[in-house]
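Reader: I'd like to walk through the pockets, cavities and helix packing of this one. Can you show it to me and start with the terms?

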Amino acid sequence: MAEGNWTRVSEFILMSFSSFPTEIQSLLFLTFLFIYLVTLLGNSLIILVTLADPMLHSPMYFFLRNLSFLEIGFNLVIVPKMLGTLVSQDTAISFLGCATQMYFFFFLGVSECFLLATMAYDRYVAICSPLHYPVIMNPRTRAKLAAVSWFPGIPMATVQTTWLFSFPFCGINKVNHFFCDSPPVLRLVCADTARFEIYAITGTILVVMIPCLLILCSYTCIAAAILKIPSAKGKHKAFSTCSSHLLVVSLFYVSSSLTYFRPKSNNSPESKKVLSLCYTVVTPMLNPIIYSLRNNEVKNALGRTFHKAMGVRNCLL
């Protein structure tokens, strides 16, 4: 609909990696397709194994299962469209499709921040109050903690997405990213966005800092408790139960913080795309690998599940 010299936007164009040569885009497609399939397989295996194996019915693996659901969601929201832009050059995304993608990106991202904090609290209780752990982290409590982890993403995603897409978009409709993230879409708005930007920055800082502080507090207490353990073997065992979670937290927070909190002068669109790939595409693939390789219980459960599946297959044959 024409308004003066502007044309109202009805769809967006995802620039993705269009600046790269065709050969590089083909290589990126194969790479991201492999990562996508590994992510879906790895996180699905974590979910199935933690459900099927009675040895993994503890609170720690309940929260790990929630994390795997989140990682699958992240990939389903972002990667299929990105693969489409690489293989078929279908870079158009509808107005509603862009808003929907942004909503679920916010929702899952905020939920992951709080879920990682909940997992840190679970490790704190397990190490600092091991005798009371089964009582404190009973099924009712861990279900409430999971719900509390998922809930903050709903109002955050609803307010930010609704507010942003209520602005007028006119003229240029090219989003210089591989998905509909807030900063590149905001650049296309032809209105005063100062209040929204203040809200967005404040909300992002709170969403990142509150869970981060909870994680730091939990691990400060955990470190103090581990140092009091007299034997080296006991210290190693206690630390090993936290190492996987610490590595996952580091990967997620470092990559996301570098994406959103770097000075604009050092934040070119291409570098931001690479950093965004780390926490939206690469980290969801690495999480099940980290928990599988660094956790003997998960490795043993995978082995038991595989042998059971092979036994059932042999019986059927």
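Author: Sure, and keep in mind that this is a predicted model. First, a term: a pocket is an open set of grid points with protein on both sides within 12 Å along at least five of seven lines, and its lining residues have an atom within 4 Å of a point. Helices are DSSP runs of at least four residues, numbered from the N terminus.

Reader: Good. Which helix gives the most to the lining of the largest pocket?

Author: The largest pocket has a volume of about 900 Å³. Among its 32 lining residues, P183, I201, T204, Y260 and K272 are the closest to its centre. At least two lining residues come from each of α3, α6 (153-164), α7 (182-186), α8 (194-227), α9 and α10 (269-293). The top contributor, with eight residues, is α8.

Reader: By class, how many residues in the lining of the largest pocket are nonpolar?

Author: Split the lining by class and you get six charged and eight polar residues. The nonpolar count is 18.

Reader: What about closed spaces: which helix supplies the largest share of the lining of the second largest cavity?

Author: Searching the whole structure turns up three cavities of 30 Å³ or more, and the second largest holds about 50 Å³ of space. Its lining is M60, F63, M119, D122, R123, T241, H245 and Y291, which divide into four nonpolar, two polar and two charged. α2 (59-87), α3 (95-128) and α9 (232-260) each give at least two of these. The largest share, three residues, is from α3.

Reader: On to packing. Is α2 roughly parallel or roughly antiparallel to α5?

Author: The axes of α2 and α5 (residues 139-150) come within 11 Å and cross at roughly 25 degrees. Angles under 35 degrees count as roughly parallel, so the relation of α2 to α5 is roughly parallel.

Reader: Which residues of α5 make that contact?

Author: From α2, the contact uses P59, F62, F63, N66, F69 and L70. By class, the contact has nine nonpolar residues, one polar and one charged. On the α5 side, the residues are R142, A143, L145, A146 and W150.

Reader: And α1 with α2: is that crossing left-handed or right-handed?

Author: α1 (residues 22-52) and α2 pack at about 160 degrees, with axes 9 Å apart, which makes α1 roughly antiparallel to α2. Their contact has 20 nonpolar, eight polar and two charged residues. While the crossing of α2 and α5 is right-handed, that of α1 and α2 is left-handed.

Conventions
Residues numbered from 1 in each chain as written. Predicted model: local features only at pLDDT ≥ 70, side-chain atom pairs only at ≥ 80, totals over all residues. Heavy atoms only, no water. 1 Å grid on protein atoms, 1.4 Å probe; cavity = no way out; pocket = protein on both sides within 12 Å on 5 of 7 lines; lining within 4 Å. Points joined across faces, edges and corners; volume = space filled by probe spheres on them. Nonpolar A, V, L, I, M, F, W, Y, C, P; charged D, E, K, R; others polar. Axes fitted to C-alpha atoms, helices over the stretch in contact; angles between N-to-C directions. Parallel < 35°, antiparallel > 145°, perpendicular 65-115°, else oblique. Left-handed = near helix turned anticlockwise from the far one by under 90°. Contact = heavy atoms within 4.5 Å.
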